[in-house]
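Hi everyone, thanks for coming. Have a look at the model on the screen, and I'll walk you through it.

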Amino acid sequence: MASLSGICSSSPTLKKFPNQSPSLTDPLRKDHVSFPARLADRTLSLAPPRAVAREVSDGALAAAVKKGLEKDPRALWRRYVGWLYQHKELGIYLDVSRVGFSDEFVKEMEPRFQAAFRAMEELEKGAIANPDESRMVGHYWLRDPKRAPNSFLKTQIENTLDAVCKFANDVVSGKIKPPSSPEGRFTQILSVGIGGSALGPQFVAEALAPDNPPLKIRFVDNTDPAGIDHQIAQLGPELASTLVIVISKSGGTPETRNGLLEVQKAFREAGLDFPKQGVAITQENSLLDNTARIEGWLARFPMFDWVGGRTSEMSAVGLLPAALQGIDIREMLAGASLMDEANRSTVLRNNPAALLALCWYWATDGVGSKDMVILPYKDSLLLFSRYLQQLVMESLGKEFDLDGNRVNQGISVYGNKGSTDQHAYIQQLREGVHNFFVTFIEVLRDRPPGHDWELEPGVTCGDYLFGMLQGTRSALYANNRESITVTVQEVTPRTVGALIALYERAVGIYASLVNINAYHQPGVEAGKKAAGEVLALQKRVLAVLNEASCKEPVEPLTLEEVADRCHAPEDIEMIYKIIAHMAANDRALIVEGSCGSPRSIKVFLGECNIDGLYA
Ligand SMILES: O=P(O)(O)OC[C@H]1O[C@H](O)[C@H](O)[C@@H](O)[C@@H]1O
């Protein structure tokens, strides 16, 4: 059982259309105006934007493009050595040599970087770095509480960490027991949460949980009934020894609420007392917090107003589940803190997060023109790309900049793992549409010492993984595909903490470079609001169908009739979808016609709900 210290990546058709290069002549291309010096530089000598690449395939500019990315091995080696970043204590390396930025570009960007460094410094001092929500942005304080802008916040962070450690230790040691478990101690965690309240814990569990953790973890991160049923079924009798951790900063996210209600129902049906096995992680006085307090849940931990969901892994959100799985959370914090310290350097070459941001700006023209493909060559880092998807896309995907200009910024992120993806999408990356740059995550240590063996003379299984990574990096580069490589010695709590911190800061710096607020997510609300409107419409449809179904004889209705009676003729398509969904779930009966020809449908409810008539 774990102790507290233990827890604590030649278009032939163009020949037919030699005069077409639409994106180069499109006046809306932002890179025509965004950074003229750098564009001039690039058309002469550097890695091709996509439109240039197409002309190149026609042969005209091929020589210039080849000149673009350095191909001379000696010059490349000099570039590699010259730009290689190493964090000695963390054993982390950052190689940006396979991104084609020039010295001139770096010089042009220098003032912007200095401005970004100043902005990060202000942020860390407690500036309102999220102006739209009038919030401070304090995730960096979580791993270095003395940097918090006042002693109250410092104490809050320290007390929460202590409480997390104590609670985890008490659960792992069996001091805190489930009320009715034959095993006498908690054996499972069911984490209910979504977005930033799930992705960090999922990534960390996959990366760091030991093979036999003190508590195994499962996730309910959706309002998919079948998915929830599956998790509960997998728990089986162990529901009695399951600690349910409900995580929601706002405390009112519908998917999380639904997950909680479903889990509570399963507890009732199993005759279990949910509050004695329930833990809430949320902002003080949120709906969730009040529910947990009133119902007397086993424990409650705070989420701070100044920590965003996508940067909450080092708060109770990430630390509690990690500690319960026997992951050394103090090591995660130490790794993040060390990385933060390195990222405070105002010398670009010495600042790994700034180097990443530089590469992102170069590769995407500062307008998101290329996608970020994350390829960790290590199974345990599988979920890193998924974690980064939210961190990068929710932070950088913004319609307006800080001055109110419409910019539609963002960088798309996707990925899975190597070498597996070499058998899936590397074909397109090497030879297909050139709309990406790759980040390889390399782990030097193949497996714990003493377990290695040569599966053929001089070659281990890990050597193949290494060879696949290096081979893919070279093959992509040979075809002018840029890549970054982040290398870690091994996957440990310290390096995972550092990787999270590295990307958090890179996102913050990049946001400053392109002048956007990385810390809000106004776009997410539109979908939520529309979902609420659909559900409100469904209630009206139900009422109309119920009324017709309560008539004697029952009055099946056409879609037009339902829409008219809902006073929503403009919503007929949505009404059709609502009815088709209800019919698929045996909640409405289609007596005439079929869903394939919507105008033919006549529908009513299987039974009349008298109470519903007067609701
Ligand atoms: O933690 P919660 O308040 O439940 O929010 C969960 C998620 O909901 C949203 O849709 C936000 O866009 C995410 O940033 C957030 O992480």
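Before anything else, one term: two strands count as paired if DSSP finds at least two bridges between them. And keep in mind that this is a predicted model.

Here's that term in use. Strand E8, residues 371-376, pairs with E9 in the parallel sense, over 3 bridges. If you want a spot to look for, Ile 374 stands opposite Gly 415 in E9.

Those two strands belong to an open sheet of 6 strands, in the order E1-E2-E13-E10-E8-E9, and the pairing is mixed. Which strands stand at the edges? They're strand E1 (85-87) and strand E9 (413-415); each has a single partner strand, so one side of each is left without a neighbour in the sheet. On average, neighbouring strands here are turned by 20 degrees against each other, if you ignore direction.

What packs on this sheet? H20 does, touching strand E2 (92-95), E8, strand E10 (436-443) and strand E13 (483-488). The direction of H20 makes about 150 degrees with that of E13. Remember H20, please, it comes back later.

Okay, stepping back to the whole chain. It has 24 helices and 16 strands. There are 615 residues, and buried ones make up 49% of them. The chain exposes about 27900 Å², with carbon and sulfur atoms supplying 53% of that.

Now the other sheet I want to show you. It's an open one with 5 strands, ordered E4-E3-E5-E6-E7, and the pairing is parallel. At the edges you find strand E4 (216-220) and strand E7 (299-302), each pairing on one side only. Neighbouring strands in this sheet are turned by 20 degrees against each other on average, again with direction ignored.

Let's zoom in on one pair. Strand E5 (residues 242-247) and strand E6 (residues 278-282) run parallel and are joined by 4 bridges. Within that pair, Ile 245 stands opposite Val 279 in E6. Helix H9, residues 151-173, packs on the sheet and touches E5, E6 and E7, with its direction at about 150 degrees to that of E7. Then there's helix H14 (residues 316-324), which lies across strand E3 (188-192), E4, E5, E6 and E7 and runs at about 165 degrees to E5.

Another helix to find is H10, residues 199-208. How many of its 10 residues are buried? The count is 9, so to speak a mostly covered helix. Among those buried residues are Phe 203, Val 204 and Leu 208. What covers them includes E4, H14, H15, helix H17 (384-396) and, there it is again, H20.

Next up, charges. The salt bridge count comes to 31, and I'll show you three of them.

One sits inside H9. Glu 158 forms a salt bridge with Lys 154, and the closest N and O atoms are 3.4 Å apart. Both residues lie in helix H9, 4 residues apart, which is about one turn of the helix. Buried or exposed? Glu 158 counts as partly exposed, because its relative accessibility is 32%. Lys 154 is partly exposed as well, at 30%.

The next pair is Arg 494 and Glu 331, whose side chains meet at 2.9 Å, N to O. This pair links distant parts of the chain: Arg 494 is in helix H20 (residues 493-513) and Glu 331 is in helix H15 (residues 329-342), 163 residues apart. Arg 494 is partly exposed, with a relative accessible area of 22%, and Glu 331 is partly exposed too, with 28%.

My third one is Arg 505 with Asp 340, a salt bridge at 3.8 Å, N to O. Here too distant parts of the chain are linked, with Arg 505 in helix H20 and Asp 340 in helix H15, 165 residues apart. Why do we call Arg 505 buried? Because buried means under 20% relative accessible area, and Arg 505 has 1%. Asp 340 is buried as well, also with 1%. Salt bridges that share partners join these two into one network with others, including Glu 124, Arg 143 and Glu 504.

Last stop, the surface. Trp 453, Leu 455 and Tyr 464 make a nonpolar surface patch of about 320 Å². Leu 455 is found in strand E11, residues 454-456, and counts as partly exposed because its relative accessibility is 36%.

That's my tour, thanks for listening!

Note on methods: Residues are numbered from 1 along each chain as its sequence is written. This is a predicted model: local features need pLDDT of at least 70, side-chain atom pairs count only at pLDDT 80 or more; totals for chains, interfaces and linings use all residues. Side-chain values use heavy atoms; hydrogens and water are left out. Axes are lines fitted to C-alpha atoms, for helices over the stretch in contact, and angles run from 0 to 180 degrees between N-to-C directions. Contact means heavy atoms within 4.5 Å. Patches are made of residues with over 30% relative accessible area and no salt bridge: like charges are joined within 9 Å, nonpolar side chains (Val, Leu, Ile, Met, Phe, Trp, Tyr) within 5 Å. Accessible areas come from the Shrake-Rupley method with a 1.4 Å probe; for residues, only the protein chains shown count as cover. A salt bridge is a side-chain nitrogen of Lys or Arg within 4 Å of a carboxyl oxygen of Asp or Glu. Buried means under 20% relative accessible area, exposed over 50%, partly exposed in between (1.4 Å probe, protein chains only).
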